[in-house]
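Student: Could you go through this structure with me? I would like to start with how far it can be trusted and then look at some individual residues.

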Amino acid sequence: DKNNFLIDGFPRNQDNLQGWTKQMGDKVNLQCVLFFHCSQEICTARCLGRGAAGSGRTDDNEESLKKRFVTYEQATMPIIKHFEELNLVKQLDATMTPDEVYAEVESILKSFQ
């Protein structure tokens, strides 16, 4: 449907949220926020595995990942909390297999049709 959009990885911080709200707040019907929850240990292992497989990403290393997790906790989690307060967050267990996560996402998105 050309009137429905999935926006990946945004907003990531308060500045992004303020910009989004200013520009799009009254133009969209925000139906939910998908929150793919995964432990830091599993995320680190997956990113290091991606780097070892030749992702080409210079930040797929332990030092960069530690910094990214600090930024995530300080900047992104408050945004998730904001949307939780609006009862918009649909949390998914991202430790499952890709097929299991996909099935859960598909189920959530179908509930809005």
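**Confidence and overall layout**

Tutor: This is a predicted model, and within the protein chain the confidence is lowest in helix H2 (residues 40–52), with a mean of 91, and highest in strand E2 (residues 89–93), where the mean is 96.

Student: And what is the mean pLDDT of the protein chain?

Tutor: The mean pLDDT of the protein chain is 92, and 99% of its residues reach 70 or more.

Student: Which elements are there, and how do they run from the N terminus?

Tutor: The secondary structure of the protein chain consists of four helices and two strands, and from the N terminus on the elements follow one another as α-β-α-α-β-α.

Student: What box do the C-alpha atoms fill?

Tutor: Taken along the principal axes, the C-alpha atoms of the protein chain fill a box of roughly 40 × 30 × 25 Å. The protein chain exposes about 8500 Å², of which carbon and sulfur atoms supply 51%, and buried residues make up 23% of its 113 residues.

Student: What about contacts along the sequence, how many join residues at least 24 apart?

Tutor: If one takes the contacts in the protein chain between residues at least 6 apart in sequence, 62% of them join residues at least 24 apart.

Student: Back to H2, then. How many residues does it have, and what does it span?

Tutor: Helix H2 has 13 residues and reaches 18 Å from its first C-alpha to its last, which is close to the 18 Å expected at 1.5 Å a residue. Just after H2, Gly54 takes a positive phi of about 90°.

Student: Thr44 is in that helix; is it buried or exposed?

Tutor: Thr44 counts as buried because its relative accessible area is 16%, and the cut-off for buried is under 20%. Leaving aside residues up to four places away in sequence, Thr44 touches Leu65 and Phe69.

Student: And Ile42, which class does that one fall into?

Tutor: Ile42 is also found in helix H2, and it counts as partly exposed because its relative accessibility is 31%, a class that lies between the cut-offs of 20% and 50%. From Ile42 to Arg57 there are 15 residues in sequence and 18 Å in space, C-alpha to C-alpha.

Student: Changing topic to the backbone: where is there a cis peptide bond?

Tutor: A cis peptide bond joins Phe10 and Pro11, with omega about 0°, and Pro11 sits in the segment before helix H1 (14–24).

Student: Leu6 is in that segment too, I think. Buried or exposed?

Tutor: Leu6 does lie in the segment before H1, and it counts as exposed because its relative accessible area is 64%. The C-alpha atoms of Leu6 and Glu85 are separated by 21 Å, with the two positions 79 residues apart along the chain.

Student: Which residue other than glycine has a positive phi?

Tutor: Asn87 has one, with phi near 60°. Asn87 is placed in the loop between helix H3 (62–85) and E2, and it counts as exposed because its relative accessibility is 68%.

Student: Last one, on the charges: how many are there, and how far apart are their mean positions?

Tutor: The protein chain has 13 positive and 17 negative charges, and the mean positions of these two groups are 5 Å apart.

Key
Residues numbered from 1 in each chain as written. Predicted model: local features only at pLDDT ≥ 70, side-chain atom pairs only at ≥ 80, totals over all residues. Heavy atoms only, no water. pLDDT = per-residue confidence, 0-100. Buried < 20%, exposed > 50% of the residue type's maximum accessible area, 1.4 Å probe, protein only. Expected span 1.5 Å × (residues − 1). Contact = heavy atoms within 4.5 Å. Areas by Shrake-Rupley, 256 points an atom, 1.4 Å probe, with all protein chains shown as cover. Lys, Arg positive; Asp, Glu negative; His and termini not counted. Charge placed at Lys NZ, Arg CZ, Asp CG, Glu CD.
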